[in-house]
Each structure stands twice: as structure tokens, then as C-alpha cells.
Amino acid sequence: MIRMTEPSKITSQSVPDHQPAAGGIAARARASVGPQYLSGLNPEQREAVETLDGPVLVLAGAGTGKTRVLTTRIAHILSQGRARPSEILSVTFTNKAAREMKHRLGQMLGHAVEGMPWLGTFHSIGGRILRTHAELAQLKSNFTVLDVDDQVRLLKQLLQADHIDDKRWPARMLAGLIDGWKNRGLTPSQVPSGEAAVFANGKGGKLYASYQERLKILNAADFGDLLLEDIRIFREHPDILRQYQQRFKFILVDEYQDTNVAQYLWLRLLSQAPTKPTSPTVIPGRLEEPNPESGDESAVRDSQVRDRAPEFDATHRPGMTELAAPHVKNICCVGDDDQSIYGWRGAEVDNILRFDHDFPGAKVIRLERNYRSTGHILAAASHLIAHNEGRLGKTLRTEDHDGEKVTVTGSWDSEEEARGIGEEIEQIQRQGDKLNEIAILVRASYQMREFEDRFVTLGLPYRVIGGPRFYERAEIRDALAYLRVINSPADDLAFERIVNTPKRGLGDATVQMLHDHARKRRIPLFEAARAVVETDELKPKARGSLRDVVAQFDRWRAQREVTSHTDLAQIVLDESGYTEMWQKDRSADAAGRLENLKELVRSMEEFENLQGFLEHISLVMDRDSGADEDAVSLMTLHSAKGLEFDNVFLPGWEEGLFPSQRTLDEQGRAGLEEERRLGHVGLTRARRRAKIYFATNRRIHGTWSTTIPSRFLDELPAANVEITESKGGSAWGGTGGYGASRFDDMEAFGSTYSTPGWQRAQANRNRGGGGGGNGGRGSFEEQASSFSSQSSSPDFGSFSSRRRGPLTIEGELVAKSTGTTSEFSLSDRVFHQKFGYGRVTKIDGNKLTIAFDKAGEKKVVDSFVQRA
């Protein structure tokens, strides 16, 4: 029974403060209404989310949930009422990342994210600021942002006006130089004379200035101006800078390790606490001159900022006195110094390494718990990157199981490497894994060609991420067009593509005239060209150029009868001027295009003649590439950043290729450390399996070379790595110039060794005694093309002249022809020696799409199958 006290008898003694008892009803009820977005965060992630005051650097290793931390931090700021959406500046590197952040925020907060106008990329936000203050940059608010093609066209006009030979000094090279200067925050007057001298005998700086003047006249800007002009406006108009400093209460930056100098300066200006107009204004990067002999290393490092930002060395305006210790506000940068792999395009890893010095009092939070990869993969990646000296240091760990060890496999050459990886992929597919969860990450794009060819042979779907497939690249299409016209003079599409490539003064009017003439006489374009050059319909210069083109093709067709098709391809590329065109091109991708052309010529060696090679290409190019198709992903290591797969193959770990010799030559130790970071990125893309390959022999610059395994292999921890044998077999059959096949020594495997590859090698050996003993060039002489012609024309050069019937390679019947009709019908039941039984679902000429009972849907040539 509850006793009641009379009101008059209640004492006036004060009531003590109350706190809910731990585990009590009140405490549990309060916890139940707490922010749901914080649930599931580990302690380090939660610390990064809840540390809102002052500068914060979140060192987020691969797979540690950095995007979740960034978006949850924004949600926490908004839910705590620390800022309105329009008072948060959140900067990403891609529009895709910005969209993903908005989507995640909407899910966290339970509604669509509205009113966050300052969430976007550096350039989109910089462009918005510039449009607001366009008149201060001598522009109008409706200015046009030029793309690269428009930039190059404008620079070509300037070169012509200055009587500069644009073949010797290409406009694209100048565009690259200007972009590099802008990425470093350099205006025309600040370009070092030594750098300006590398273009047009010292005219680079002048042309840069003329280019900027021309942009103002056209009311245009390029992407570099979107930040560079902002920096200039902030410097020259401190009142405008102060407006933005007061506007943004919180600044968040994603992928901070990939920022360049201009992005760094832009952020430093905005991240300073606003000052009163009468107070000194902080100019980031302008510190007192250090005394190198004082022993103050931090002061010496501060001086480097001035070197990187010469614009801050300009004459001070009233009220712009520099302070040695600037006040900074709430800025949070998320990044990983171990994943800084874009130095070649201006990224400065020093930005993240110097964060605690640039922002005094910064709190550094390390996210080391990985939610992606298994223990062995993380241990290998961490041990590898630990060899870098320029890093802040962290060790990835996982609470998952150790999983499979990282495998390292050596192969005889790059072809065996491609075969071995193809075999492993098929094995993984048979185990039930999706092809979408398999990726091959290469160091150089030209490595892709052999994998593409191998996948076509196997019928494996694939996609190339971050660029076109090998045979779809512009330079490869151009080279193939030359070869197609030699093979078939009536190929109008190929002839039209290269008649003025490289430039020969044969423009659209000339081509249109050829079309008109060809239609009237009902002849191919090439024959129309032959007829037109004998008339006076063209101007003398164009007529002379066209006559040379016709004569060149006539000469190349004659040489085809006495020259191997590989030598002929090299002759065509040289004599046409196509190789020289790319040699003179000073753009960043010119060297890669030349490597691709060399790889194209090398790939032809596997085929008996030009006809067989071109038929093979037609099958490669015909592959469907639906976005939703289950397919192997093929890409460079640089393109793999931010992606993840269950199974990752890493071929080409050899000195000179990875690490890249060019990078080592140009950047020294800094380049080596970036290459090592690239290896770290490659390994950490894998969730379950990471498989490294290297080849003993590889074609480099058109010549076979014996290679040395990459130094990075010795930097992997032995306890987490397993050495395996290649499943790719050997292409040489014991007869090539590269040594005997490992299948030749039958006793080494024992009588019970019965893999399909061993049985095929034994059968071939019994049939031909290991091949003809002509001591030639291995499989290039010993095997006919998978799509070779059966004509009786003789072979020339270094290729075998023997004729055979259809061959069996890797258990598949090689196509006898690639005609346009097929003897099969829809729904026919068929048998394939490798894929087994299946039913025809689609017919395209002699190419069949077959739904195999066990192997799934594959596209094959009809001569590979027989009726069941």
C-alpha cells in the first residue's frame, strides 16, 4: 500500500539531478531512438563520424568503408543541427561518386537529399563559383567550357597565326603542357622559363598567354580554368573569399590523395577560418622564409608550398598579411596514401602526407579493418606496401577467415600466360562462379590483346573497362583499314577511313567526288580514285596526293606475293607515314598507341597469311557486348581503382613492365613507390582469390626478350603466398627456338598424369614427332591460323610452307573457312569437342550461338561443331 503525504508536510529540500541507470528502462528507451545511421559502424568509423570539430584526416585503407564514413558524417552533421545542407561543402572526384553520396544520404535520413548545392566534383563546384563571379575573370556568366577537341582546334589556330609548324610542334602536345601548368596552379606569367622552352623553342609561355587571351574573347574557359580562375579571384578579392569561408561551416573531401596542386590550393583558401576585413587575411602557402641551416625541418617543408604555388608570391595587397599559423575550420579529408596512383596526371601524394602540417592540430584516424578481402590477400598487400618510405603507415586487417593464399605462377611466355589464365577462368566458372566476378588487371593496355584473342577462341564473354577493346582502338582500326584495302580493293569503308590518314590534303570534297564517280560508274572507291587521278577534276596537289596513295597500294599488293604478312604490315605502317604520325604526336597517349601498333603486328605472327588474320579479326569484332552480360572484366590497374571482384588475375609482373621501366626512368624512386602502390591497389581489388602471373619471355618493342620476375614478388610474404604451375601448357612443341616443351619429358609426369593438356601434347607428339625440325620460330611456324585460308598460294618469309587439313588445337576443330552461310538450322542439336552437347539458338552467317548443356551460351564458328 502506497502512503500519501499531506502537501503541507512536504519539505523544501532540493531534488538531486537524475541520470538514467545503466541498463534501465530509460537508458534502453533512449538508445532505441538514437540515430540509426550510426548502427553498424566499428569504433574507428564511428570516431571519424563523430569528430566534427577541427581538421580531421581519415586514412581509409582499401575496403574499409570510407564512402560510408563520409556520407554518415554528413548525415550526422545535419541531424545534430550543426549546419544546414547549404553550409556543407562536399567535394568528390567523379559525378558518379557524388550521385552515390546523395543516394546514400537519402537512405540514411529517410528522405531525398535536397538543398545540398555544394555536393559535387571539384570542377562542377569550381564552375559554379566562377559563373557567379564571371565578370572578375573577364567572362560572362554564360561562358562555354571547352572540351579537349575544342582546345586543340583553338591552339592549332594560334600555332598557324604564329607560323609554327604544327607537325613538329603538335597542338595536342601544347594542350597537355597547358593542362599540366594549370593543374599546378600556374598562370602564364608564372611558368618557369625552362618549362616554357620545351615547346616551339621557348614560345610555350607566350602561346599559353595568347591562348588565355583568346579564351576571354570567345567567352570560354577550359576545365583547368574552373579552379585556376577561382584561385585568382579569391586571391585578388578577399571579400569574396570571406563570403565563401563564412558560408561553408564544414568541408569534406573524398580521395584526398588524388588532389593536384590547384585543387589543394583551392581547398586551402576555402578551409581557413574567415577573418574580419581589418584583420590580417591568411594566405595559405605563404609562410615566413625558412633558414635551411636552422635545423627546423618543418619550416623548410613549408617553403615547398611556395614553390608549388607561385601565385602566392605575388605582391601583397592591402590587408593581406601572411600568418605562420593560420586558423582552420572544420575540414575532413578522406583518403589513402597507399592508393595514390595518378601522379602521371598531376596528383600529389605529398598533399595527404603533409596534412597534419598544413592543418595544425589535425586529428588522424586510421580505418584498418577491411570488409572486402581475406586474410592472406590483406597480409600480402600490406607487406608489399610496407616497403614504401613515403607513407603515413597503417596495416589492413580483417575479421574474416584467411581464405586462399595469393598464388604466383610463372609461364614460358605471354601466350602460355593467357592460356593458363583462360583455363583457370573456365575452371572457376565450372565451380559456379559468375564471370562478372572475375577480372584481369594489366599494367599496359597492349597486354589485353592476347587475352581478347584467347577468350574468343574459348568462347568466353568479356568486356574492357575504361577504354575500347584492343581491336576497337582508333590506331588499330586505322592499321586494319590499310590491311583490308590491300586484301580487298573493293572495301570502300576501309579506304575512306584511311585515304586522308595521316593528313594528305584529301578532304571531304575530294572524298565526295570519289563517291560520286564510284556511284556513276558502279565501281569501288579505290578504282574511282585510280580513274580520277588521270583526269583534271582535282587540283594538282590533291591529285598528286591521291596518285601516291593509289601507287602505294599497288606496290604493297605486289609485295604481298613475296613478303610475309607481318613484314608487310610493318612496311605499310612505315611507308604510309602512319607510324611517323604518332611518333611526332607529343600527347600523353601517343607512346601507348605506338605500343599497340607493335602488338598488332606481333599478333599477326600466329596466322598463316593476311586473309586468315583478317577473318579472325572479323570474329573478334563481331562479339556482342551487352552491358548486362555475364562477362570477364579486362582493364588496366589504373582503371581498377574503386572496383572489387571475387577473383582477380594480375599478369605481367616482370621488371620493365611492372614496375614500368619508363616510370622508373622518368621519376626514379618516387616512380617506384607509385608502381608499388599500383600493385597494392591490384591485390586489394580481390575478395577471395588473387593470382599473380609472370612470363619468362615477352615481346617488348617488337622483339622477344627474356624477362626477370618483378622485384615486387620478393616483397610478398612467403607465409601468405603459394607457388603454382601454369595450366597453360606450352606452345612450342619442343621445336621452337625457345627450348623444349615441358611435355617432351614424359617420364617427369608419371604414367598416371592424365590432364587434357598432357594428353593433347602426347597425341601431337605421336603424330608429328614434336613438329618439323626446321629450327624456326616456335608455334608461329608450326601452327596454321585458326582461321587460315586453304588456298594453294605459297607462304613466304619465316613461315612454314607445309599445307595441312583442319587442325585440332586445345581440343577444338579449327575452322576450315568462314563463309557467309551455315549448314545448321535453329534448334539443331550439335556437339562441340570442348563444350559438349548443345542446341543452336542463333545463326549469323557461319557463326552460331549455341546454348550448351553444361558450358552455357557460347558463340562459335560452325566448323567447330558437328551434328549430335
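Helices, which are DSSP runs of H or I with at least four residues, and strands, which are runs of E with at least two, are numbered from the N terminus. In the predicted model described here, these numbered elements also serve to place the loops that lie between them. Pro 659, for example, belongs to the loop between β13 and α28 (661-683), and the peptide bond that leads from Phe 658 to Pro 659 is cis, with omega near 10°. A cis peptide bond also joins Thr 501 to Pro 502, where omega is about 0°; Pro 502 is found in the loop between α20 (492-498) and α21 (508-521). Another backbone feature in a loop concerns His 163, a residue other than glycine whose phi is nevertheless positive, near 55°. His 163 is located between α6 and α7 (171-183), in the loop that separates these helices.

Strands of a sheet pair through backbone hydrogen bonds, and the pairing is either parallel or antiparallel. Parallel pairing is seen in an open sheet of six strands, whose order is β3-β2-β6-β7-β1-β8. At the edges of this sheet stand β3 (119-121) and β8 (363-367), each of which pairs on one side only. From one strand to the next, the twist averages 15°. Within the sheet, strand β2 (residues 88-92) runs parallel to β3 and is joined to β3 by three bridges; Thr 92 has Thr 121 of β3 as its bridge partner. Helices lie across these strands as well. Helix α3, which covers residues 66-79, lies across β1 (56-60), β2, β3, β6, β7 (330-335) and β8, and runs at about 170° to β6. Helix α4, made of residues 95-109, lies across β2 and β3, with an angle of about 165° to β3.

Antiparallel pairing is found in an open sheet of five strands, arranged in the order β22-β21-β20-β19-β23. The edge strands of this sheet are β22 (856-861) and β23 (865-867), and each of them pairs on one side only. Neighbouring strands are turned against each other by 45° on average, if direction is ignored. Strand β19, spanning residues 829-832, runs antiparallel to β23, and three bridges join the two. In this pairing, His 832 stands opposite Val 865 in β23.

The packing of helices against one another can be followed in two pairs. Helix α6 (residues 148-161) packs against helix α9 (residues 204-217) at an angle of about 120°, and their axes are 10 Å apart. Because this angle lies above the range of 65 to 115 degrees for roughly perpendicular pairs but is not over 145, the limit for roughly antiparallel ones, α6 is oblique to α9. The crossing of α6 past α9 is right-handed. On the side of α6, the contact involves Gln 151, Leu 154, Leu 155, Leu 158 and Leu 159, while α9 contributes Leu 207, Ser 210, Tyr 211, Arg 214 and Leu 215. By class, the residues of this contact comprise seven nonpolar, two polar and one charged.

In the other pair, helix α22 (residues 525-532) and helix α23 (residues 540-560) pack at an angle of about 125°, with 9 Å between their axes. The two helices, α22 and α23, are therefore oblique to each other, and α22 passes α23 in a left-handed crossing. Phe 526, Ala 529 and Arg 530 of α22 form the contact together with Leu 546, Val 550, Phe 553, Asp 554 and Arg 557 of α23. Here the residues divide into five nonpolar and three charged, with no polar residue in the contact.

Charged side chains also meet in salt bridges, of which 61 are counted in the model. One of these salt bridges is formed by the side chains of Lys 641 and Glu 255, with a distance of 3.5 Å from N to O. Lys 641 lies in the loop between β12 (632-636) and β13 (645-650), whereas Glu 255 lies in the loop between β6 (250-253) and α12 (261-270), so this pair ties together parts of the chain that are 386 residues apart in sequence.

Key:
Residues are numbered from 1 along each chain as its sequence is written. This is a predicted model: local features need pLDDT of at least 70, side-chain atom pairs count only at pLDDT 80 or more; totals for chains, interfaces and linings use all residues. Side-chain values use heavy atoms; hydrogens and water are left out. Two strands pair if DSSP finds at least two bridges between them. Axes are lines fitted to C-alpha atoms, for helices over the stretch in contact, and angles run from 0 to 180 degrees between N-to-C directions. Angles under 35 degrees count as roughly parallel, over 145 as roughly antiparallel, 65 to 115 as roughly perpendicular and the rest as oblique. A crossing is left-handed if the near helix is turned anticlockwise from the far one by less than a right angle, and right-handed if clockwise. Contact means heavy atoms within 4.5 Å. Ala, Val, Leu, Ile, Met, Phe, Trp, Tyr, Cys and Pro count as nonpolar, Asp, Glu, Lys and Arg as charged, and the others, Gly among them, as polar. A salt bridge is a side-chain nitrogen of Lys or Arg within 4 Å of a carboxyl oxygen of Asp or Glu.
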